[in-house]
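Reader: I should like to examine how the descriptive terms applied to this model are justified. Please set each value against its definition.

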Amino acid sequence: MSQKIQAIRGMNDILPEQSIWWQWVEENIIALASAYGYQEIRPPVVEKTELFKRSIGEVTDIVEKEMYTFEDRNGDSLTLRPEGTAGCVRAVLEGGLIHNQSQRLWYRGPMFRHERPQQGRYRQFYQLGMEAFGFAGPDIDAELILITANLWQRLGLTSGVTLQLNSLGDPESRARYREQLVAYYQSHHAALDDDSRRRLESNPLRILDSKNRQMVEINRNAPQFFDHLDHGSREHFDQLCRHLERCGIAYEINPRLVRGLDYYSKTVFEWVTDRLGAQGTICAGGRYDGLIPQLGGRESAAVGFALGMERLILLLQQTEEAPPLARSPHAYLLLLGDAAQQQGVAIAEKLRQQLPRLRLTLHCGGGSLKSQFKQADRRGAEVALILGDDEVASATIGFKPLRERREQQQLTMSQLHSQLQQLIEGEK
Ligand code: ATP
Ligand code: MG
């Protein structure tokens, strides 16, 4: 036998017992997106490397050390997308979707970052994101936060996640703050780690985001942006807070909250949990009014978030045993004897045509009555349908509920039809 080929480290299979969780979360997200008027956009997974360098910024963890970049056969430098916003903005610009109009969009899919794999941190991971273009006011910032809060509620996540907010101001106030910050860090130069020293030149705000324990102490005493906010950003932020209060959404102001990406301004927010160790951020977002001109578009307001699907699901699995999704079959059709084997496929198909919402699994491959019943039970079916040669001859079928103590009945096809209908309707 030849050796088995294994998956790439940090790129996981989502096997069926996990995918039911994914489907449950995604179904809720899709329902919410349409409830709030957001349309799906599906940009490709690969983009020109230049797109990410220009949008995320050269001096960020992602661009410096996490991207999967390669040369294709034409010699072009391409990159597997490490996040969704850059591709989304490129697509709306290219498609002319934000020329004199606003858009509410969402996307989902795999992202790729070469990080050290551990719980909640993978090399291929999935994000669900929403982006709103062309809205400058805090109402849309509030709406995006409310969508996420609504999602937690629908998923039964009523505790364990906290909303943190901050404002990164406008470019001018950011520049003023930056100077103060550089002066502060320079006065602590000897105590800075290597990463921070490097960032001091290029991107001092990112030092605040450092996860290095040595830096946490220094960061604690760093000057806070909040004290340097421009009037407009302050007003914007206060209004956002009022909207959230009116909707009963609790929040904490975290003056050290900055985003890992360069393009944010004004609102930034994160939903964090203390139940996933160091990988505690399940959703992160904010306003990035500066990005669109940076990518060649006309000045336009933009705000969005991305949530990490794996982290959200890990969190849900800590509180719920199974997702409340009926994915098991209503019925499992057993076939005994030659005539039944011959007719079974067509009979099952006819039932599915007549009852489009019916989940019916057909037994394939023969075997004894006992082993077929065992399969029906293992698949979680509500009822077993038994088709033997006698049933084929008399156009009837055996109907045996598997989840309650009830005798097997012989039904005509029209009786079967109404029994199955009842099963389907009883589910809601
Ligand atoms: P972190 O600080 O945890 O590295 P980040 O700032 O790099 O996060 P973002 O780029 O803001 O993360 O991505 C948004 C969300 O995507 C994160 O809050 C997280 O839930 C998820 N995420 C980011 N990187 C990974 C990864 N490597 N594996 C799994 N989920 C991830
Ligand atoms: Mg990261």
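Author: The following exchange takes up the ligand site, the aromatic pairs and several single residues.
This is a predicted model, in which local features need pLDDT of at least 70, side-chain atom pairs count only at pLDDT 80 or more, and totals for chains, interfaces and linings use all residues. Residues are numbered from 1 along each chain as its sequence is written, chains are lettered from A and ligands numbered from 1 in the order in which they are written, and side-chain values use heavy atoms, with hydrogens and water left out.

Reader: What makes a residue one of those that surround ligand 1, and which are the closest?

Author: A residue is near a molecule if one of its heavy atoms lies within 4 Å of it. For ligand 1 there are 15 such residues, and the closest are Arg113, Glu115, Arg121, Arg259 and Thr281.

Reader: Why is the approach of Glu115 to ligand 1 called a polar contact?

Author: The term requires a pair of N or O atoms within 3.5 Å; within protein, one must be able to donate a hydrogen and the other to accept it, and residues adjacent in sequence count only if both atoms are side-chain atoms. A polar side-chain atom of Glu115 lies 2.6 Å from a nitrogen atom of ligand 1, so the pair qualifies. Gln127 also offers a polar side-chain atom, 3.0 Å from an oxygen atom of the ligand. At Thr281 the partner is a polar backbone atom, 2.8 Å from an oxygen atom of ligand 1. Taken alone, ligand 1 exposes 590 Å², of which the protein buries 91%; these areas come from the Shrake-Rupley method with a 1.4 Å probe.

Reader: Which element gives the most residues to the shell around ligand 1?

Author: Strand β10 does, with three residues. Strands are DSSP runs of E with at least two residues, helices are runs of H or I with at least four, and both are numbered from the N terminus.

Reader: Why is the pair of Trp152 and Trp271 called edge-to-face?

Author: Rings of Phe, Tyr and Trp (its six-membered ring) pair if their centres lie within 6.5 Å; planes under 30 degrees apart count as stacked, over 60 as edge-to-face and the rest as tilted. By this rule the count comes to nine aromatic pairs. Trp152 and Trp271 have centres 5.7 Å apart and planes at 85°, and therefore they are an edge-to-face pair. The pair links helix α5 to strand β9, across 119 residues.

Reader: How do you know that Leu291 is buried?

Author: Buried means under 20% relative accessible area, exposed over 50%, and partly exposed in between (1.4 Å probe, protein chains only). Leu291 has 0% relative accessibility and is therefore buried. Leu291 lies in helix α10. Beyond its neighbours within four places in sequence, Leu291 is in contact (heavy atoms within 4.5 Å) with Ser55, Thr85, Val89 and Tyr263.

Reader: Why does Asn254 count as buried, and what does its side chain reach?

Author: Its relative accessibility is 18%, so Asn254 counts as buried. Asn254 lies in the loop between β8 and β9. Its side chain reaches the backbone nitrogen of Arg256 at 2.9 Å, and a polar contact of 2.8 Å joins it to the side chain of Gln164.

Reader: What makes Ala395 partly exposed?

Author: Its relative accessible area is 45%, which lies between the two limits, and therefore Ala395 is partly exposed. Ala395 is found in the loop between α14 and β15, and its phi is near 50°, a positive value in a residue other than glycine.
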